[in-house]
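Me: I am new to protein structures and would like a close look at a single part of this one. Please start with the words I need, and then show me how that part fits with the rest.

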Amino acid sequence: MKHVSTNPNSGYYMKGDVFGAKGDFITSPEISQMFGELIGIWLISQWESQGKPQKTQLIELGPGRGTLMEDMLRVMSNFPDFYNTLNGIHLLEISPELSKLQFKRLNEFRENNTESTNYKFYWHNTINDILDGWSLIVAHEFFDALPIHRFKLTDKGWREYMVDIDTSIDSPYHFCLILSPDPTKESLTLTSSPQYTKFNIGDCIEISSDSWNITQKISNQISKFGGAALIIDYGQDYVQDNTLRVCMIFNQAIRDHKFVHSLSLPGHSDLSADINFSYLKESTQGKVNTFGPVTQSKFLHSMGITTRLSMLLNQTTSIEQHKILFNSYKRLVDPLTMGRIYKVLAINPKNFDQIPYGFESLKK
């Protein structure tokens, strides 16, 4: 999964722009500016509630086209007390082609924004390159693209599914999934958590060790230096199986907005899997506070998306623009589209007991 997504020569994400109407899929920031603006407001609220630090690192994991970062910076520029504390914008991106798109977009934004140009943009290949300091971190549709391991409980213990060559003449994909006859390092270590002792023989689970490692790094950063993180992705608050696909279609990937088998055309289709939010929370090991997940619909409504929609509607008399704005709003919050399957998880320091905006529904 990692190989077909990020191989320097043939990886899916290494080829350029895969987002938007002409790409293979459309993300929330590409649907409406309201999404990024409200994320930006949430980050500012964390800065204010944690004492308004004088220096702020803004970090995004998997920035896509740079749309979310641009929308966040645009709304942040309206709050100069916060905006002038930005001393670095850090983008975690492994694709050279996507980095070029982000560089062009964000530099154009800064050149056209006269409020402040004190901060610099930095690109990193790994989260380990992120500098120490008080940080605001956003990961939107980042964790779903990280590779997973899939295991099956047998009478001999957990065994791992592997990808093998399918040599049969009638094979449509020339690859197949097989069950390892012997334990692997991952089947012995990743399934050692107590939460995996309650399964029955024949049950299957998915585990993303990369997700654990990255969330742990985020938690360590916030625990030591302060800050907050917001993780937005699709998934559930429990372990699942058969989610190696997009939009709940078993064992499929998405290509040109159409579903295809996940073993079809490696490197030409996006592979992703649902997030196990309980696993992300477990990886923090109690070093920070975690809140949620709550549905994207609840979060955006709590952050005032209907108020923002009204403001935008009042700025134009075009019936067509009104229709576009309302349809964008509906797509973001409707339970039948993105409102329910997408969820939001917040992280802030352990010694900070205030429930963040957007998570008020968690109050007892």
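Reply: Let's begin with a word that will come up often: a residue is buried when its relative accessible area is under 20%, exposed when that area is over 50%, and partly exposed in between (1.4 Å probe, protein chains only). This is a predicted model, where local features need pLDDT of at least 70 and side-chain atom pairs count only at pLDDT 80 or more, while totals for chains, interfaces and linings use all residues. Residues are numbered from 1 along each chain as its sequence is written, and side-chain values use heavy atoms, with hydrogens and water left out.

First, the setting. The chain contains 12 helices and 14 strands, which are DSSP runs numbered from the N terminus (helices are H or I with at least four residues, strands are E with at least two). Of its 364 residues, 54% count as buried. Contacts (heavy atoms within 4.5 Å) often link distant parts of the sequence: among those with a separation of 6 or more, 77% are between residues 24 or more positions apart.

The part I have picked for you is helix α3, residues 33-49. Its end C-alpha atoms are 25 Å apart, which agrees with the 24 Å that its 17 residues should span at 1.5 Å a residue; the expected span is 1.5 Å times one less than the number of residues. Helix α3 is largely enclosed by the rest of the structure, because 13 of its 17 residues are buried.

What does α3 take part in? The largest nonpolar core has 49 residues, and α3 gives the most to this core, with 8 residues. A nonpolar core is a set of buried Ala, Val, Leu, Ile, Met, Phe, Trp, Tyr and Cys residues joined through side-chain atoms within 4.5 Å. The residues with the most contacts inside this core are Ile39, Leu73, Met76 and Phe299. Take Met76 as an example: leaving aside its neighbours within four places in sequence, Met76 is in contact with Gly40, Leu43 and Ile44, and also with Leu58, Phe82 and Tyr83. There is a second, separate core as well; it has 21 residues, including Ile59, Leu92, Phe143 and Ala229.

Now pick out Gln46, another residue of α3. Is Gln46 buried or exposed? With a relative accessibility of 2%, Gln46 counts as buried. If you set aside residues up to four places away in sequence, Gln46 touches Trp134, Leu136, Ala228, Asn348 and Pro356.

Next, follow the chain out of the helix. Just after α3, Gly51 takes a positive phi of about 95 degrees. Lys52 lies in the loop between α3 and β1 (56-61), and its phi is near 55 degrees, a positive value in a residue other than glycine. Lys52 is partly exposed, with a relative accessible area of 45%. Set beside it Glu141, which is not a glycine either but has a positive phi of about 50 degrees. Glu141 sits in the loop between β4 (135-140) and β5 (149-154), and its relative accessible area of 16% makes it buried.

For a second helix to set beside α3, look at α6, residues 96-112. Helix α6 has 17 residues and reaches 24 Å from its first C-alpha to its last, close to the 24 Å expected at 1.5 Å a residue. Its buried residues are Leu98, Ser99, Gln102, Leu106, Asn107, Phe109 and Arg110. They cover an arc of only 155 degrees around the axis (counted from the directions from the helix axis to the C-beta atoms), which puts them on the same side of α6. On the other side of α6 you will find Lys100, Lys104, Glu111 and Asn112 exposed. What covers the buried residues of α6 includes α4 (67-76), α5 (80-83), β2 (86-92) and β3 (121-124).

To finish, here are some spots elsewhere in the chain. Gly292 and Pro293 are joined by a cis peptide bond, with omega about 10 degrees, and Pro293 is found in strand β13 (residues 288-295). Arg340, in the loop between α12 (319-333) and β14 (342-349), touches Thr295, Asp334 and Pro335, not counting residues up to four places away in sequence. The C-alpha atoms of Arg340 and Thr295 are separated by 5.2 Å, although the two residues are 45 residues apart along the chain.
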